[in-house]
Amino acid sequence: MKKGSVFAAASLLLLAACAEKPGYQIAGTVDRADAEGKYVYLAKYGVDEAPLDSALIKNGTFSFKGEQVTPLLCILWIGEDELKRGNAGENQPFTALFTLENAKLQAVLNEQAPAVTGTPENDAFKALQDQLKGIRAAEEALAADMKSADEAVKNAAAEKAEEIEKAAGEVVKTYVLANVDKQVAAKVFFDARYDLSEADRRAIVEKASEAFKAVPGVNKVIDHLKVLENSAVGKSFLDFEMADVNGQTRKLSDYVGKGKVVLIDFWASWCPPCRRDMPNMVEVYQQYKNKGFEIVGVSLDSKEEAWKKGIKDLHITWPQLSDLQGWKNSGAALYGVNSIPHTVLVDKDGTILVKGLHAKEIGEKLKELLK
């Protein structure tokens, strides 16, 4: 080989060695007056271990460098701040969830819209947050009315807030279904699990990648869906024993499977949505109780006095059961109830017909069933 060729080859090897190694770079800013001199921590999400790295905040900026072989769900936060759970799909102030991968990333830690951008996955998550903040701004505007002393004003505002949350839930569902192979979407899915229907949760899990399922918390959703399979539509109701308001032990089968269409209504006196829907439930009961319809209330109260007062104040006249164990209610656990109100409509022979209907929807269903 000629000397010139040897020199050229050596030069190329030297340039390659000196070239910047593949890795990630995070350039961040902090918009907070007391942040100077504090540290930003970089940690793997959901792991109670020491942070992966830390960076000093100087002149409102910070930076990280490193290499990440496979995408990793991480979180940035300012030292001394307590990590809290926020609205599903949104970061808490001065905290940013993101996927760490070898790329140039930009981080902004502020109060209103903290985020990390610079890759398609992180950019899509930022877009979701912006969309949700726009939707929920309307809910924040209802705050004063929701605290009103006027019950009509309060209830109207609460119903409007529920509609807004449903709209947010639809946005989240669309985002997660479009990103069932992304770790950030898995975290959003876990946070929004109570806002998604059982059918939506099943559809997402069926399509999800293994990386999605491995994100902390998703396994709990999957386990809960397995519990719900025991009380799926088309299966026979699950029997249990519990005390009635007089302290007498009753079986659910004392009422269900006896030739009547029965609604199992999981509720609590402390549950605002339950209380708002109860007048409609009373109306439905009055209309159909002599036409082959019964309701069995299962209360997730923990205080007997509050439970009985709720029954009286809400004019509930159908059978009531409770073990006064709150969210540990044994009947609720059997049916996989993790939010209330929750209803299970059972046919005359004990077959589960439909779940999760509100009072007006139940009235429409009864019109069809009890002609």
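# Reading this structure, step by step

Modeller: Let us open with one pair: Lys213 and Glu210 meet through their side chains in a salt bridge, at 3.9 Å from N to O. Please keep in mind that this is a predicted model, in which local features need pLDDT of at least 70 and side-chain atom pairs count only at pLDDT 80 or more, while totals for chains, interfaces and linings use all residues. Residues are numbered from 1 along each chain as its sequence is written, and side-chain values use heavy atoms, with hydrogens and water left out.

Biologist: How should I read a salt bridge, and where do Lys213 and Glu210 lie?

Modeller: The general idea is that side chains of opposite charge can pair when their charged atoms come close. Here the term means a side-chain nitrogen of Lys or Arg within 4 Å of a carboxyl oxygen of Asp or Glu. Lys213 and Glu210 both belong to helix H7 (residues 210–213), three residues apart, or about one turn of the helix. Helices (H or I, at least four residues) and strands (E, at least two) are DSSP runs, numbered from the N terminus.

Biologist: Which of the words buried, partly exposed or exposed fits Lys213, and which fits Glu210?

Modeller: Buried means under 20% relative accessible area, exposed over 50%, and partly exposed in between (1.4 Å probe, protein chains only). Lys213 is partly exposed at 27%, whereas Glu210 is exposed at 60%.

Biologist: How many salt bridges does the structure hold?

Modeller: It holds 21. One of them joins the side chains of Arg136 and Glu165, with 3.5 Å from N to O. Arg136 sits in helix H2 (residues 120–140) and Glu165 in helix H4 (residues 151–177), so this pair ties together parts that are 29 residues apart in sequence. Arg136 is buried, with a relative accessible area of 6%, and Glu165 is partly exposed at 23%. Arg136 and Glu165 also belong to a network of salt bridges that includes Glu90 and Lys133.

Biologist: What does Arg136 touch, not counting residues up to four places away in sequence?

Modeller: Touching, or contact, means heavy atoms within 4.5 Å. By that rule Arg136 touches Asn87, Ala88, Glu90, Ile164, Glu165 and Ala168.

Biologist: Which residue forms a salt bridge with Lys173?

Modeller: That is Glu170, the closest N and O atoms being 3.4 Å apart. Lys173 and Glu170 are three residues apart in helix H4, which means about one helical turn lies between them. Lys173 counts as buried at 18% relative accessibility, while Glu170 counts as partly exposed at 43%.

Biologist: Now for helix packing: at what angle do the axes of H2 and helix H5 cross?

Modeller: In general, two packed helices are described by the angle between their axes and the distance between the axes. The axes of H2 and H5 (residues 183–191) cross at roughly 30° and come within 9 Å. That makes H2 roughly parallel to H5. Axes are lines fitted to C-alpha atoms, for helices over the stretch in contact, and angles run from 0 to 180 degrees between N-to-C directions. Angles under 35 degrees count as roughly parallel, over 145 as roughly antiparallel, 65 to 115 as roughly perpendicular and the rest as oblique.

Biologist: Which residues in H2 and H5 meet?

Modeller: Glu121, Asn122, Phe125 and Leu128 of H2 meet Gln183, Val184 and Val188 of H5. By class, this contact has four nonpolar, two polar and one charged residues. Ala, Val, Leu, Ile, Met, Phe, Trp, Tyr, Cys and Pro count as nonpolar, Asp, Glu, Lys and Arg as charged, and the others, Gly among them, as polar.

Biologist: How many residues has the largest nonpolar core?

Modeller: A nonpolar core is a set of buried Ala, Val, Leu, Ile, Met, Phe, Trp, Tyr and Cys residues joined through side-chain atoms within 4.5 Å. The largest one has 46 residues, and Phe266, Phe293 and Tyr335 have the most contacts inside it. Strand S11 (261–267), H9, S12, helix H10 (304–313), strand S14 (342–346) and helix H12 (359–369) each supply at least two of its residues. H9 gives the most, with seven residues. Apart from this core lies another, of 31 residues, including Ala168, Ala185, Ile204 and Val218.

Biologist: Let us finish with loops: where is Ser231 found, and is Ser231 buried or exposed?

Modeller: Ser231 is in the loop between helix H8 (218–229) and strand S9 (241–243), and Ser231 is buried, with a relative accessible area of 0%. Leaving aside neighbours within four places in sequence, Ser231 is in contact with Leu238, Tyr335, Ile352 and Lys355. Another loop residue is Gly292, between helix H9 (272–288) and strand S12 (293–299). Gly292 and Leu369 are 77 residues apart in sequence and 9.7 Å apart in space, C-alpha to C-alpha.
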